[in-house]
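Take a look at the chain below. Then follow it step by step, from the overall layout down to single residues.

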Amino acid sequence: MIGEFKAFLLKHGVIALAVAAIVADLIMPIVGAFTPSGNWRTATVSIGAVKLGLGDFLGAVLDFAIIAFVVFMIVKALVREAPPAPPTPA
């Protein structure tokens with residue numbers, strides 16, 4: 001039963017989702033303390049009548065990269081692949 005549960009978690013990416021939620025709540029506030037202060041996430045660029053949310057975009061890219069890296073590192077530490085089976089003698 002434990003093996004089936006582990007297979008379910010790995011197959012459906014539940015571990016990565018759980019780790020991402022933890023990272024968003026625990027790690028990102030710490031990262032926020034080290035990123036530039038001010039209203040850089042509200043920065044916009046105007047091209048004619050169009051306003052592009054450049055700060056929002058860069059903030060989302062930064063958040064995604066940090067969360068993806070931490071999820072990768074934690075899942076890599078938790079999920080170890082089985083070593084290859086030794087070759088069978090001929």
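What follows moves from the whole chain to its parts.

Keep in mind that this is a predicted model. Start with the inventory. The chain has three helices and two strands. Read from the N terminus, the order of these elements is α-α-β-β-α. How spread out is the chain? Its radius of gyration is 20 Å, while the globule rule gives 12 Å for 90 residues, so the chain is more spread out than a compact globule. The box around it gives another view. Along the principal axes, the C-alpha atoms fill roughly 75 × 30 × 25 Å.

Now turn to the surface. About 7,400 Å² of the chain is exposed. Carbon and sulfur atoms supply 73% of that area. Of the 90 residues, 11% count as buried. Contacts along the sequence can also be sorted by separation. Take the contacts between residues at least 6 apart: 45% of them join residues at least 24 apart.

Next comes helix H3. This helix covers residues 54–78. H3 has 25 residues and spans 36 Å from its first C-alpha to its last. That is close to the 36 Å expected at 1.5 Å a residue. Which residues of H3 are buried? They are Gly 55, Gly 59, Ile 66, Val 70 and Val 71. These buried residues pack against helix H2, which covers 14–34.

H2 holds a residue worth a stop. Pro 29 is found in this helix. Is Pro 29 buried or exposed? Its relative accessible area is 51%, and exposed means over 50%, so Pro 29 counts as exposed. Compare its position with that of Phe 64. The two residues are 35 apart along the chain, and their C-alpha atoms are separated by 14 Å.

Finally, look for a nonpolar patch on the surface. Its members are Val 45, Ile 47, Val 50, Leu 52, Leu 54, Phe 57, Leu 58 and Val 61. Together they have about 700 Å² of accessible area. Three elements each give two or more residues to the patch: strand E1 (45–47), strand E2 (50–52) and helix H3. Which element gives the largest share? H3 does, with four residues.

One patch member shows how the exposure classes work. Leu 52 sits in strand E2. Its relative accessible area is 42%. Buried means under 20% and exposed means over 50%, so Leu 52 falls in between and is partly exposed.

Definitions and conventions. Residues are numbered from 1 along each chain as its sequence is written. This is a predicted model: local features need pLDDT of at least 70, side-chain atom pairs count only at pLDDT 80 or more; totals for chains, interfaces and linings use all residues. Side-chain values use heavy atoms; hydrogens and water are left out. Patches are made of residues with over 30% relative accessible area and no salt bridge: like charges are joined within 9 Å, nonpolar side chains (Val, Leu, Ile, Met, Phe, Trp, Tyr) within 5 Å. Accessible areas come from the Shrake-Rupley method with a 1.4 Å probe; for residues, only the protein chains shown count as cover. A salt bridge is a side-chain nitrogen of Lys or Arg within 4 Å of a carboxyl oxygen of Asp or Glu. Buried means under 20% relative accessible area, exposed over 50%, partly exposed in between (1.4 Å probe, protein chains only). The radius of gyration is taken over C-alpha atoms; the globule rule is 2.2 Å times the number of residues to the power 0.38. Contact means heavy atoms within 4.5 Å. The expected span of a helix is 1.5 Å times one less than its number of residues.
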